[in-house]
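Please consider how the parts of a multidomain chain meet, and how far the coordinates may be trusted.

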Amino acid sequence: MLELLCLFSKMGLTDAEMAEMLGQHPDILFEDSGDRTILLIGFLLKFGYSMNQIGPMFLQFPQVQVGKFVSNLRRCFGFLNEIEMETTKMGNFLRSHTLLVGSCCLKSANSLLTYLCVGKKRLCSYIQKNPHELKNFVLGAKVERLPSLEEDSESKLHKNKFLLNLGYVEDSNEMKKALKVFRGKGGELQERFDFIMSYGLEHDEVREMVKVSPQILNQTKSVIQTKIDLLVKELGYPISALWVFPSLLNYTVERVKHRVSMYDWLKSQGMADPVLALSTIVACSETQFVKQYVNRHPNGPEAWQDLKKKIFSKQTNNIHS
């Protein structure tokens with residue numbers, strides 16, 4: 001374990017970053033005495049990662065056991081090999097989407113080719129253009145066939161129309177960038193846009209929100225609803241707070257609830273600015289938030305950990321129920 005800590009230090013991680021990482025993912029250090037993590041590091045190095053790139057990746061590590069993460073990576077490697085993705089493209093894909101791939105336990109290649117009604121070449125191309133679709137190809141998920149190439153073209157037309165309605169100029173560099181950012185069909189994007197409006201925001205307000213943070217429309221309507229309901233119905237913020245800070249929808253429900261609950265506790269103790277911006281509360285790193293706000297009160301760290309256990313254990317229970 002000491003060897004692993006020294007390795008993280010060589011990757012450029014500070015003591016504070018290591019403490020935050022291990023606080024959220026103790027298994028990185030303790031699962032098989034760190035052997036699983038060393039195995040993962042070796043795997044990443046084989047795919048062209050540098051040591052300086054591996055360290056920051058661990059700071060964003062998902063809620064997955066290290067051993068399972070390694071197993072998922074290996075499974076995806078085998079999957080990409082079976083659908084005959086070129087070696088160079090495979091390496092680029094795994095480096096660009098490591099956290100995503102490590103979080104997904106994929107179905108077998110043969111099963112997916114059958115369910116999707118496609119050949120290997122098209123599946124390769126589809127995955128490279130739509131990497132986040134891997135989430136829909138995991139074991140236990142219901143898989144529907146891919147749309148025909150004609151249906152794909154129709155979807156692109158709807159997406160172009162949606163972006164033009166947002167004020168993008170056709171064939172402009174800005175529009176080309178937006179087409180790469182937005183996922184989903186044009187009709188789905190419009191439906192999500194209209195759904196956000198249904199909470200009382202004006203068309204121009206939602207349009208500006210989407211231009212500032214286009215990723216908010218890459219979530220399903222049910223996920224968007226959960227996050228807005230948390231903000232407005234549970235935490236008591238006006239819907240205008242979302243217009244001021246649209247990127248809120250990119251954060252998990254647990255993170256937002258944990259931060260705001262802690263902030264409310266600090267306010268009740270007279271230890272926080274009563275009108276602190278929501279972006280200030282949610283967007284800063286956990287290390288910064290703890291240092292700047294939680295530690296203001298002698299009982300702050302204890303309250304922070306109690307809230308964390310309560311909020312995140314509820315998430316875990318929901319997953320397993």
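The following paragraphs treat the confidence of the model, its domains and one interface between them.

The structure is a predicted model. Its mean pLDDT is 87, and 94% of the residues in the chain reach 70 or more. Residues 316-321, however, have a pLDDT below 50, and in the model this stretch has zero contacts beyond near neighbours in sequence. Where pLDDT is low, predicted coordinates should not be read in detail.

The domain assignment divides the chain into domain 1 (1-136), domain 2 (148-250) and domain 3 (251-314). Between domain 2 and domain 3, the C-alpha centres are 28 Å apart. Their contact involves 13 residues from domain 2 and twelve residues from domain 3.

The size of an interface is often expressed as the accessible area lost when the parts come together. For domain 2 and domain 3, the buried area is about 1000 Å², and carbon and sulfur atoms give 77% of that area.

Which specific interactions cross this interface? One salt bridge is found between domain 2 and domain 3. The side chains of Glu234 and Lys257 form a salt bridge, with an N to O distance of 2.7 Å. Glu234 falls within domain 2 and Lys257 within domain 3, according to the domain bounds. Three residue pairs in polar contact, with both residues at pLDDT 80 or more, are also found across the interface.

On the domain 2 side, helix α15 (residues 221-234) supplies the largest share of the residues that touch domain 3, namely five. By class, this side of domain 2 comprises eight nonpolar, three polar and two charged residues.

Notes. Residues are numbered from 1 along each chain as its sequence is written. Side-chain values use heavy atoms; hydrogens and water are left out. Domain bounds come from an automatic or database domain assignment. Contact means heavy atoms within 4.5 Å. Buried area is the accessible area (1.4 Å probe) that two parts lose on being put together, summed over both. A salt bridge is a side-chain nitrogen of Lys or Arg within 4 Å of a carboxyl oxygen of Asp or Glu. A polar contact is a pair of N or O atoms within 3.5 Å; within protein, one must be able to donate a hydrogen and the other to accept it, and residues adjacent in sequence count only if both atoms are side-chain atoms. Helices (H or I, at least four residues) and strands (E, at least two) are DSSP runs, numbered from the N terminus. Ala, Val, Leu, Ile, Met, Phe, Trp, Tyr, Cys and Pro count as nonpolar, Asp, Glu, Lys and Arg as charged, and the others, Gly among them, as polar. pLDDT is the predictor's confidence in each residue, from 0 to 100.
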